[in-house]
Protein chains: 2
Amino acid sequence: MNIYDISKAAGVSIASVSRVINGADNVSEKTRKKVMDIIDEYGYTPNAYARGLGRGSMKTIGIMCSDSSDIYLANAIYYLETDLRKNGYNSILCCTGYDLETKKASFELLKSRQVDAFILAGSKYVEKNPEDNQYIIDGAKEHPVMMVNGCIEAMGIYSVRSDDMGGMKEAFTQLHESGAKKIIYVYSSDSFSGEQKIEGIKAGAKKCGISEENIRIVKGKKSYGDIAELLAAEYEKEAFDSIIASSDTSGIGAVKFAVSHGLRIPEDIQIVSYNNSKLAEASTPELTSVDAKLEEVCQKTCDSLMKLLNPPLDENGNALPVSLPARTVVKTKLVKRATTRF
Amino acid sequence: MNIYDISKAAGVSIASVSRVINGADNVSEKTRKKVMDIIDEYGYTPNAYARGLGRGSMKTIGIMCSDSSDIYLANAIYYLETDLRKNGYNSILCCTGYDLETKKASFELLKSRQVDAFILAGSKYVEKNPEDNQYIIDGAKEHPVMMVNGCIEAMGIYSVRSDDMGGMKEAFTQLHESGAKKIIYVYSSDSFSGEQKIEGIKAGAKKCGISEENIRIVKGKKSYGDIAELLAAEYEKEAFDSIIASSDTSGIGAVKFAVSHGLRIPEDIQIVSYNNSKLAEASTPELTSVDAKLEEVCQKTCDSLMKLLNPPLDENGNALPVSLPARTVVKTKLVKRATTRF
DNA sequence: TCCTCCGCTGTAACCGCTTACATTTATTGT
DNA sequence: ACAATAAATGTAAGCGGTTACAGCGGAGGA
């Protein structure tokens, strides 16, 4: 069932059918109805690829994320996909894992799929070694690249992220003001936003008059158990009265540590985690968490992308240049729950 | 940069270029090298849509899920996408929500994208009213439809799911054997697998010699708080000593109920949840949960799909018919943790 | 009445690839 | 050395749409 079949059945040319399915205004009401009736009768769906070929745009966005089963990224994907679809765009998803070669291969694959733009979700797409980002920088010359919670400085790369530094600074400060004397920061992965968070911790400490060498920062693995063990070992070395965790996952590890050590939350120990994903509420007791405003970040990402891909037209129908901020930073919000005294 | 550019630069015909990029064996080593060199030099990526148009298959699978931010589905998507990509297939994702019209629209959209097959992830694609499934049944006439944890009986629809009935039966039986006298089952959503689970509860009760009218089944909403409140109200009416939850999410609600009522877990109250997603371990105390073997379910889904889409060929290169079981059921496994005494 | 203009419709080229088939070139046997 | 055969390559027709441009008929003005 293709456009020829429809045109034959309706007794019009394929051009007219094309006009009808594209909602062009220069079709008579009579033809439109004739064509629509046939289309409804036969249940015809235009071939998106042929359309894309003819038109030059597939109305498709390539989304890359390291691991869609990560709660945080799963949410991002949901927001992005839904938002894009509302705007008439489809998403091709690639779960790239953490290996650079796989990331590159996925990028190529999405290119071959003629995506109109890329969205790199998560801060795992900023490599330590600048050369390793070259594939993204090159790609951005052809199609816009939106980075969600990551940032690479180059033409065509736009970044929307939450204010991780500010968020962590606030968490630290609040904790300090609520009487915390010994704060430990635990994180589990290095990344662009990971560094921002550490900067935030340092900034918070500075604001509270705590010297650099008195800031305690430890790095663990991703699992709850690992974080709990790490904190236990640290506690052994020197007790602390508050924990800031780089994610809700780590926050839960912190809760497990506290519970297994018979420490009362929040009386003996306070915990603040980050992201405010569903995990924060899933925890018992529920975690005080810095809301990373993921939904807003995703929504701003889509907004910018839509502006970029569908620029306003001047009176002659030519695209007007759009100027978008290369970086957008969304303010976070501390959500108070049961693991803190404030 | 298209195949003509490459053919010109390499001094061969586009057919030869096509053969090279498709790894055909009837190309001389000399031309292959010439072409590959040019491709590498110019960084050419073939247009997947033109290929698909010419070839008739896009090597793309349409995945529908109600909500990719649901932890369970997020995992499914990860497994499916990764597995499909390993097999050279891409995935287009549609998060359809729970509304029938949106589901239908997404189905149409994926059709227009010429997907080679559909995967409907989650048990939310089996509607109560059989007529409402017609769009899937019709779709299955054109392309295979794989249902993950759902089941509709029709030509071209294949179902892979976990043995929810058996899993729940085992949970009930184990609980009973560990001394539970008053078991309550709490669930939060109606669906195909929801019904299976209830059947399992009933089967377990029967096996334990408990009459139908003594089985307590309550339905709540999705949030932790709601489940906790519901259980509190039920407890008020009549105390129970064990909770079976239809998901880890509900299980966490049960934990919250127990904690807020000062009930010790598992001494005063035992809890068994379902899925064994990351949430089960995230909970404090960690949830005993029936592992729904999602990874295995997804892997079997992909396996079957690949067999269907790439059937073995006979000596003349014709596809041999493949016969696949329309239903595959994967055995679950009870994972014991801290919320039960067994 | 004839010409112009306009709205609608149709024709055909093109998007970038695959592939059946024709053609050329290389290999082998006698 | 030459036909027969096999291997490599090229040509051209699709795949299913979009769209520039040409053509057509009818309304309105001179």
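This briefing describes how two protein chains meet each other and two DNA strands in a predicted model. Chain A and chain B each give 50 residues to their mutual contact, and about 4200 Å² is buried between them. Around DNA strand C there are 28 residues, and around DNA strand D there are 28 residues.

**Interface of chain A and chain B**

- Carbon and sulfur atoms give 56% of the area buried between chain A and chain B.
- Tyr49(A), Arg113(A) and Thr284(A) supply 17% of the area that chain A buries against chain B, which is more than any other three residues contribute.
- The interface holds 2 salt bridges, one of them between the side chains of Glu286(A) and Lys256(B) at 3.5 Å, N to O.
- Polar contacts link 29 residue pairs between chain A and chain B, counting pairs in which both residues have pLDDT 80 or more.
- On the side of chain A that touches chain B, at least two residues come from each of α4, α5 (71-86), β2 (90-95), α6 (100-112), α11 (248-260) and α12 (278-282).
- Helix α5(A) provides the largest share of that side of chain A, with 8 residues.
- By class, the side of chain A that touches chain B comprises 21 nonpolar, 17 polar and 12 charged residues.

**Strand pairing across the interface**

- Strand β2(A) is joined to strand β2 (residues 90-95) of chain B by 3 bridges, and the two strands run antiparallel.
- Within this pairing, Leu93(A) has Ser91(B) as its bridge partner in β2(B).

**Surface near DNA strand C**

- The residues that come nearest to DNA strand C are Arg19(A), Thr31(A), Ile3(B), Ser18(B) and Tyr44(B).
- Of the atoms of DNA strand C that come within 4 Å of the protein, 64% belong to sugar and phosphate.
- A phosphate oxygen of DNA strand C lies 3.4 Å from a polar side-chain atom of Asn2(B).
- Contacts with base nitrogens of DNA strand C include a polar side-chain atom of Tyr4(B) at 3.4 Å and a backbone N or O atom of Ala50(B) at 3.3 Å.
- Both chains build this surface: α2 and α4 of chain A, and α1 (3-10), α2 and α4 of chain B, each supply at least two residues.
- Helix α2(B) gives the most to the surface near DNA strand C, namely 5 residues.
- The surface near DNA strand C has 14 nonpolar, 11 polar and 3 charged residues.

**Surface near DNA strand D**

- Ile3(A), Ser18(A), Ser13(B), Arg19(B) and Thr31(B) come nearest to DNA strand D.
- Sugar or phosphate accounts for 61% of the atoms of DNA strand D within 4 Å of the protein, and bases account for the rest.
- Phosphate oxygens of DNA strand D lie 3.4 Å from a polar side-chain atom of Asn2(A), 2.7 Å from a backbone N or O atom of Ser13(B) and 2.9 Å from a polar side-chain atom of Ser28(B).
- At least two residues of this surface come from each of α1 (3-10), α2 (14-21) and α4 (48-55) of chain A and from each of α2 (14-21) and α4 (48-55) of chain B.
- Helix α2(A) provides the largest share of the surface near DNA strand D, with 5 residues.
- The residues near DNA strand D divide into 14 nonpolar, 11 polar and 3 charged.

Definitions and conventions. Residues are numbered from 1 along each chain as its sequence is written. Chains are lettered from A and ligands numbered from 1 in the order in which they are written. This is a predicted model: local features need pLDDT of at least 70, side-chain atom pairs count only at pLDDT 80 or more; totals for chains, interfaces and linings use all residues. Side-chain values use heavy atoms; hydrogens and water are left out. A residue is near a molecule or strand if one of its heavy atoms lies within 4 Å of it. A polar contact is a pair of N or O atoms within 3.5 Å; within protein, one must be able to donate a hydrogen and the other to accept it, and residues adjacent in sequence count only if both atoms are side-chain atoms. Helices (H or I, at least four residues) and strands (E, at least two) are DSSP runs, numbered from the N terminus. Ala, Val, Leu, Ile, Met, Phe, Trp, Tyr, Cys and Pro count as nonpolar, Asp, Glu, Lys and Arg as charged, and the others, Gly among them, as polar. Contact means heavy atoms within 4.5 Å. Buried area is the accessible area (1.4 Å probe) that two parts lose on being put together, summed over both. A salt bridge is a side-chain nitrogen of Lys or Arg within 4 Å of a carboxyl oxygen of Asp or Glu. Two strands pair if DSSP finds at least two bridges between them.
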